[in-house]
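Grab your viewer and let's work through a few salt-bridge exercises together. Try each one yourself before reading on.

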Amino acid sequence: MKIPPRLLAKSYDRDKYQQPPDYALYIQHNRDVAAACKALAKIVGAIALKNAGLDPNLIDEFSKILLANGWIQDLGKGNSHFQEMLSGKPELIQLLRHETISGLLACLEPRFVEWLAPLGKAKFIAVWGAMGHHRKFDAQTVQKDVTELTVYVTHEDFKTNLQEMAQDLGLSEPPLFESDLVVAPNKKDVCDLPARESLNQIKALFNKLESEFKDELSRRFVALIKAFGIAADGSASGVAKKYKHTQNYSLAAFIVENLSQGLKPSDLTTLINAWAWNNKDVEKEQIDLTKLPDGFEFREFQKKVEVSNSFLTLALAGCGSGKSIAAYLWARNWCAKFQAQGRNNTRIFFCLPTTGTTTEHFKDYALESGIPPELISLTHSRSSVDLETMAQTTNREEANEKDENDTTKAAEAALKAERDKIEGLALWSTPLVVTTADTVLGLMVNSRRAIYSTPAIMQSVIVFDEVHAFDDYLFGHLLVFLKNFPYLPVLLMTASLPEQRRQAIEQVRPDVFYVPGDEKLETLPRYKIQYPTDFQQVWDAVKECVANNGKVLWVKNQVEWANVTYTQVKEKFPNIYVNVYHSRLRYKDRSDRHRQVIDNFKLQGQAAILVATQVTEMSLDLSADLLITDIAPIPALIQRMGRLNRRATPDEPGQPKPAFICKLPTDNEVKPYEKKDIEITETWIHNLLTSNKPLSQRDLAQEFVAVNNEEEYNYKTAQKRACFFGIPKDSGLWRTRPGFTRCEGYTIPVILKADYEAWQKQGLSGNPDTDWIRKHEVAIPIRKEALNWLQFGGIRIAPKDAVTYDYDEVTKEGTGARWL
């Protein structure tokens, strides 16, 4: 390849620009990343160190290592393969990834080694972050079987880059090279660095150095350097690509402006007051958000959560006890504490297990809070970075090694990387974020979006709600997060928690402060449990309930069962409002369905029947007069029963309501649960029935503790999965790969072919934005054939002859998606 006049770091639209814009230039990108590293360390560095239990006085060392990381990251982009790839050959396979070359230069090339020697051990921390900034370097990293490449160390751009790096890091004059460096596949070729042998050599070096980072504090320090380095690269790439030329942007100004955003205690007072007024039956003109309604009082439970001074609080209270508003009281208290210490950029991450629960919480609390809309986020739409702009060109920086030969898959990977970058950076300017737990806990497995969000997360107080619903992986990530960020304020909330999980939390965080629910509310008799042997009893109960204009909630464990029951109920009760609610609806249709259901359950003097799946356990704030449910694990049943007689209070207790817990069709039909969990539930039901009395939420929880026989939670397994910090000789430190945030699921999100065609007919270029995808995606059961479908915006397209969709746009009725 002919040596290019200017070295590039990014691709650009060559039809639009005769000369590469500033953001695409090798020198400018490296400057931008370095500038971002400086600003991030200055704004968030000391806070992050303190959160991790590290000495904030390490900030100078942290800042210098992070800066070195930033300069080293893309040093290796000045090579012939990378430059050729950006110059019209996107299909070209590189001998080594650019960040791997950066590490080889810094650690193995004698002149670089001598030049960087004053950095000492800090150099290796910086290099580990640099080599891992695309999350693709570990013991399995190998070279490709292609031709040699040349590193353009004599190029003026490369030399200028080293000069600026030396000045920024306080190093001596950089080495001057008489000729470029040649990197060949192996040592039998004449070259300066044989790829195969160099990789083996550097891995052996890193393995040896690993013994110096055995303690947890050292590993935390390294992990933070890596995360902040990736965030710096993301912001540098995104902002520069948005504004093109250096006169149009300043990385430091962008970071300072966005990460200086925060909530004031008065903002949260407005949110809390808005919630209180919205729960009063008053005219809009009577609402005064500067105060609480007359006569309104918070419960004792909520007050105790609010004043907790522990960095970890666990609120164990039944459904309907007011945990959400207690969380905002708690957050306001921490916000006031930090403000008194001079911190004015405190944020809140309110994390829930599912997309459905996240959306409904956002609607119920944040959206009508009175807080300016630009300060709150569900969809992460407020950003200085533009998706369409960033998706105009793609390269192979983010493609998995196995997909690098496939141009389409490489482009999809690049697009997904850009989308993660955008949504992660958007959180920097959004101090109230309602999101799924993955956004925060994904950090434990090097999730790209979570890493980009790290600077915002470090400035936050964090609420994890419904933690009983976390699967084994997600709960393990929670434990590792809590262990490694002991001074980051966290509030955990749930109606029930297995004893083994409670003990696991105590083991990693002995400082946890428990807040139980209000005694009178927790012990209020609410339920009359029945375990019918004759299904006619169920139909009779439904008939009696609707005859008295009651509300029936019928929960099935599988979507197919719910659709069948829905059809049966509609036939038996043609004059009653009947609907079905599950995850097999497009998101926009599910949102409409959700509002229909809530509104109909609120109507007085009118019967209603809702057939649903387990999505109702957390995302539906309704109160039924009769609950019918398939048998399920105990925490799931406690949640379902939280939707029965939900509005009962000690002042207005009413009568206990019936709950029918029904056996499964066959012993083999336990999915999505485990047979052992169902067997434990059967014992739980038997014991509850033996008490022969109306039951309270506390009765359910106490009997759960009595029958639960799970093994002690294996924290070592959780550590191994949490590759962000990792464990010695296995993960973390110099190894950086993404892991799994959750256990493998049973469904996969898809876009219907009809929606894909409708998008195409609009004549829009590129791929759809995140909002469009979120509105149109629908979950279907995983089948192997789906993995081969075409993708659109990173989501697979479901062919019409494979998946059908039952939904009436006029009546809003239908059972959603199903395989043909």
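Below are three exercises on salt bridges, all worked on a predicted model.

**Exercise 1.** Find out where the partners Lys159 and Glu156 lie, and how exposed Lys159 is.

Solution. Start with the contact: the side chains of Lys159 and Glu156 meet with N to O at 2.8 Å. The cut-off is 4 Å, and the pair is a salt bridge. Next, place the residues: both lie in helix α7 (residues 156-169), 3 residues apart, which is about one turn of the helix. Finally, Lys159 has 28% relative accessibility, so it counts as partly exposed.

**Exercise 2.** Do the same for Glu506 and Arg502: which helix holds them?

Solution. First, the closest N and O atoms of this salt bridge are 2.5 Å apart. Then look at the location: Glu506 and Arg502 sit in helix α21 (residues 499-508), 4 residues apart, again about one turn of the helix. As for exposure, Glu506 comes out partly exposed, at 30% relative accessibility.

**Exercise 3.** Work out which parts the pair Lys588 and Glu809 ties together.

Solution. Step one: their side chains form a salt bridge at 3.9 Å, N to O. Step two: Lys588 belongs to helix α25 (residues 587-602), while Glu809 is in the loop between β21 (803-806) and β22 (816-819), so the pair ties together parts 221 residues apart in sequence. Step three: Lys588 is partly exposed at 26% relative accessibility, and Glu809 is partly exposed too, at 42%. Step four: zoom out, and you'll find both in a salt-bridge network with Arg586, Asp589 and Asp755.

For context, the salt-bridge count comes to 36.

Definitions and conventions
Residues are numbered from 1 along each chain as its sequence is written. This is a predicted model: local features need pLDDT of at least 70, side-chain atom pairs count only at pLDDT 80 or more; totals for chains, interfaces and linings use all residues. Side-chain values use heavy atoms; hydrogens and water are left out. Helices (H or I, at least four residues) and strands (E, at least two) are DSSP runs, numbered from the N terminus. Buried means under 20% relative accessible area, exposed over 50%, partly exposed in between (1.4 Å probe, protein chains only).
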